[in-house]
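This report describes the fold of one protein model and the surroundings of its ligand.

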Amino acid sequence: MTAKTPLLNVQNLGIKFGGLKALSSVTIELNKGELVGLIGPNGAGKTTFFNLLTGVYVPTEGSLMLEGQKLNGLVPYKITRKGISRTFQNIRLFSDLSVLDNVKVAYHSLAKHSIASSILRLPSHFSGEREMEEKAIEFLKIFKLDKVKHEKAKNLPYGQQRRLEIARALAANPKLLLLDEPAAGMNPQETEELMNLIAFIRAKFDLTVLLIEHDMPLVMGVCERIYVLDHGQLIAQGVPEEIRNNPKVIEAYLGEEVS
Ligand SMILES: Nc1ncnc2c1ncn2[C@@H]1O[C@H](COP(=O)(O)OP(=O)(O)OP(=O)(O)O)[C@@H](O)[C@H]1O
């Protein structure tokens, strides 16, 4: 990758569902290390964009490149291995597994020890397991979840479940982390803590982050740049101050306050 190659390069991306163009000609570039927001009114196409980036949907137009490598047509687990992880708008944890196991599952997808060594219980299986557990616990400490590591995920309070989802996404060792409304349902104090946590993990893990969020103070406070979608099209991009004052953005939100 040359210095000028963006980490993520999305050109003229689009998808149709039957007659509906859910996304049309979307061009977005993210440079390594950036923390960027993706906003837009309900139904604008934000989650569809994440689903295209992660291989859940296959684009009907345009291209997707990560570090200069084409992602179009790759299945989700291959895209995870290439370095894109996500969280979901509606939390998707393994609710009956422990907090620790939820994070270890993400490691298993990347594990060096083979399935054969696991089945045969070879020494490499045990050292792999130990290493995985140690790393998982390290992550849980960062997210202040180590004390509840043996709890079932479903028994955690909502804010902790959201943090666990991010911890799990990070365990897959992404270059690009996609967060889909991570502050949804959080109270103001939890939201503030989350903002600080996102900034912290970006620096610590050398991440690039793309954040979908309806909480405008959060987006404006934490993101360096923002893209705005409306009816499947990109209507604005810029630094928070430009977005706040952009008439197209204000109109798209139909009088909703962009504070
Ligand atoms: N699998 C699908 N089949 C048909 N239409 C779909 C599908 N997925 C998304 N859409 C449509 O695409 C459009 C964009 O939806 P999307 O969920 O991406 O919006 P969003 O910006 O994430 O909205 P919200 O903020 O409400 O989550 C909507 O009209 C939605 O109904």
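A residue is called buried if 20 or more other C-beta atoms lie within 10 Å of its own, exposed if 12 or fewer do, and partly exposed in between, with C-beta atoms placed from the backbone. By this criterion, 37% of the 259 residues of the protein count as buried. The model is a predicted one, in which local features need pLDDT of at least 70 and side-chain atom pairs count only at pLDDT 80 or more, while totals for chains, interfaces and linings use all residues. Residues are numbered from 1 along each chain as its sequence is written.

The protein contains ten helices and ten strands; these are DSSP runs (helices H or I, at least four residues; strands E, at least two), numbered from the N terminus. Two residues are in contact if their C-beta atoms, placed from the backbone, lie within 7 Å. Among the contacts with a separation of 6 or more, 64% are between residues 24 or more positions apart.

**The antiparallel sheet**

Strands pair if DSSP finds at least two bridges between them. Four strands form an open sheet in the order β2-β1-β4-β5, and their pairing is antiparallel. β2 (20-30) and β5 (69-70) stand at the edges with a single partner strand each, so one side of each lacks a neighbour in the sheet. Helix α1 (residues 46-53) packs on this sheet and touches β1, β2 and β4 (61-66), its direction making about 65° with that of β2; such angles run from 0 to 180 degrees between N-to-C directions, with axes fitted as lines to C-alpha atoms, for helices over the stretch in contact.

Strand β1 (residues 8-17) is joined to β2 by seven bridges and to β4 by five bridges. β1 and β2 form a hairpin with two residues between them, and Gly18 in the turn has a positive phi of about 60°. Individual bridge partners, including those from the parallel strands discussed below, are tabulated here.

| Residue | Partner | Strand of partner |
|---|---|---|
| Ile15 | Leu23 | β2 |
| Lys16 | Lys21 | β2 |
| Gln11 | Ser63 | β4 |
| Arg86 | Leu178 | β7 |
| Asp180 | Ile212 | β8 |

**The parallel strands**

Strand β6 (residues 84-86) pairs with β7 in the parallel sense over three bridges, and five bridges join β7 to strand β8 (residues 208-212), again in parallel. From β7 the chain crosses through helix α7 (residues 188-204) to β8 in a right-handed β-α-β crossover; right-handed denotes that, with the strands pointing away from the viewer, the path from the first strand over the helix to the second runs clockwise.

Strand β7 (residues 176-180) is mostly covered, five of its five residues being buried. In a regular strand the side chains alternate between the two faces of the sheet. Leu176, Leu178 and Asp180 point one way from β7, Leu177 and Leu179 point the other way, and all are buried.

**The ligand shell**

Which residues surround the ligand? They are Phe17, Leu20, Ala22, Gly40, Asn42, Gly43, Ala44, Gly45, Lys46, Thr47, Thr48 and Gln89, a residue being near the ligand if its C-beta atom, placed from the backbone, lies within 6 Å of it. β2 and α1 each supply at least two residues of this shell, and α1 gives the largest share, three residues. By class, the shell has four nonpolar, seven polar and one charged residues, where Ala, Val, Leu, Ile, Met, Phe, Trp, Tyr, Cys and Pro count as nonpolar, Asp, Glu, Lys and Arg as charged, and the others, Gly among them, as polar.
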